[in-house]
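Visitor: I am new to this one. Could you walk me through it and explain the terms as we go?
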Amino acid sequence: MADTDALSDHALELLDINCTFHAKENPGQRYTAVADTTLRIRAGEFVSVVGPTGCGKSTLLNVAAGLLAPSSGAVKVFGQPLAGINTRAGYMFQSDALMPWRSARDNVRVGLQYRGVPDGDAVAQAEAWLARVGLAGFGDRYPHQLSGGMRKRAALAQTLVLDPDIILMDEPFSALDVQTRQLMENEVLALWASKKKAVLFITHDLDEAIAMSDRVVVLSAGPATRPIGEFVIDLPRPRDVAEVRTHPRFVELHTQIWNVLRDEVLKGYAQQLKKAA
Ligand SMILES: Nc1ncnc2c1ncn2[C@@H]1O[C@H](COP(=O)(O)OP(=O)(O)OP(=O)(O)O)[C@@H](O)[C@H]1O
């Protein structure tokens, strides 16, 4: 792990994070979701976190967003301790956050409105971002008039219009069909390459993680989830997420990471079955 002098270029640091909840089934008992987890993301770095279902990926992302205070540990944003909501970060979750009563344009500009950007500027920026994500001319449409992929594009514009230095994504494309998903992944990579923000990308899909990232962190199955492996993805960029999967190095990395992840996925699956029984 890097020494403290070398950490000033980190956009986001989760340091020795522990998250303990009251167990859902028995509120008297405590459940440790995340234990002793340290995760650092450099400015401009694209890091994916993979792990079995229910292991604590979203919990970590919520901690990074400042939506959840860890039971112990610290979060730093560009070297400063985080207190409250992480205002340097933009989020994109599994379910998009579009307001059904607002047009695509008005959804994209809502964050700018909250920031007090004058209406004319906000509309112009919203239109520019809609065009950048391939939705030029769709600004008047309401979310129910857009396809799943288009809604994701609008949600992406809604996140990026605020020009966050850190982008937090929690399985943003898991609801999309494979083709639309790959298109969106390529678009995110192209946008990221032009802006070079720090990205924390949560996914349960190892292929997606390798194709997109500079680094993949593997989490163990819960309880007391922690990182158990970290892999530098030294595949050339720019990448096409479909094509890169045929690269011999991709296959090699996939095998290496899957060797670490496989047992955890099996453990996670066994736990889900036990919970359901
Ligand atoms: N507020 C809470 N209260 C109690 N338990 C919680 C709370 N939030 C999360 N948990 C528990 O912590 C564990 C981790 O949940 P989390 O949603 O972070 O997992 P995940 O890896 O994102 O799951 P998935 O892959 O299914 O999206 C789960 O067992 C969950 O039930």
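Guide: Gladly; what follows is a short tour of helices, a sheet, a ligand shell and some backbone details. Please keep in mind that this is a predicted model.

Visitor: Why are H2 and H3 called oblique to each other?

Guide: Helix H2 (residues 104-114) and helix H3 (residues 119-132) pack at an angle of about 125°, with their axes 8 Å apart. Roughly perpendicular covers 65 to 115 degrees and roughly antiparallel is over 145, with the rest counted as oblique. The angle of about 125° therefore makes H2 oblique to H3. Their crossing is right-handed.

Visitor: Which residues make the contact of H2 and H3?

Guide: On the H2 side, they include Ala 104, Arg 105, Val 108 and Leu 112. From H3 come, among others, Ala 122, Val 123, Trp 129 and Leu 130. By class, this contact of H2 with H3 has eight nonpolar, two polar and three charged residues.

Visitor: What makes H2 and H4 roughly parallel?

Guide: The axes of H2 and helix H4 (residues 148-160) cross at roughly 25° and come within 7 Å. Angles under 35 degrees count as roughly parallel, and H2 and H4 therefore earn that description. Here too the crossing is right-handed. Ala 104, Asn 107, Val 108 and Gly 111 of H2 meet Ala 154, Ala 157 and Gln 158 of H4. The contact of H2 with H4 divides into four nonpolar, three polar and no charged residues.

Visitor: Now the sheet: why are E6 and E10 said to stand at the edges?

Guide: The open sheet has six strands in the order E6-E7-E8-E3-E9-E10, with mixed pairing. Strand E6 (89-92) and strand E10 (227-232) each have a single partner strand, so one side of each lacks a neighbour in the sheet. On average, neighbouring strands of this sheet are turned by 15° against each other, direction ignored.

Visitor: How do you know that E7 and E8 pair?

Guide: Pairing takes at least two bridges between two strands. Strand E7 (residues 166-170) and strand E8 (residues 198-203) run parallel and are joined by five bridges, so they count as a pair. Ile 167 stands opposite Val 199 in E8.

Visitor: Which helix lies across strands of the sheet?

Guide: Helix H7 (residues 248-276) lies across strand E3 (46-50), strand E9 (215-219) and E10. H7 runs at about 175° to E10.

Visitor: What surrounds the ligand, and which residues come nearest?

Guide: There are 14 residues around the ligand, and Phe 21, Ala 33, Lys 57, Ser 58 and Thr 59 come nearest. Strand E2 (30-42) and helix H1 (57-65) each supply at least two residues of this shell, with H1 giving the most, three residues. The shell divides into four nonpolar, eight polar and two charged residues.

Visitor: Where are the cis peptide bonds?

Guide: One joins Gly 222 and Pro 223, with omega about -5°. Pro 223 lies in the loop between E9 and E10. Another joins Arg 237 and Pro 238, where omega is about 0°. Pro 238 lies in the loop between E10 and H7.

Visitor: And what is notable about phi of Asp 16?

Guide: Phi of Asp 16 is near 50°, a positive value in a residue other than glycine. Asp 16 is found in strand E1 (residues 10-22).

Conventions
Residues are numbered from 1 along each chain as its sequence is written. This is a predicted model: local features need pLDDT of at least 70, side-chain atom pairs count only at pLDDT 80 or more; totals for chains, interfaces and linings use all residues. A residue is near a molecule or strand if its C-beta atom, placed from the backbone, lies within 6 Å of it. Helices (H or I, at least four residues) and strands (E, at least two) are DSSP runs, numbered from the N terminus. Ala, Val, Leu, Ile, Met, Phe, Trp, Tyr, Cys and Pro count as nonpolar, Asp, Glu, Lys and Arg as charged, and the others, Gly among them, as polar. Axes are lines fitted to C-alpha atoms, for helices over the stretch in contact, and angles run from 0 to 180 degrees between N-to-C directions. A crossing is left-handed if the near helix is turned anticlockwise from the far one by less than a right angle, and right-handed if clockwise. Two residues are in contact if their C-beta atoms, placed from the backbone, lie within 7 Å.
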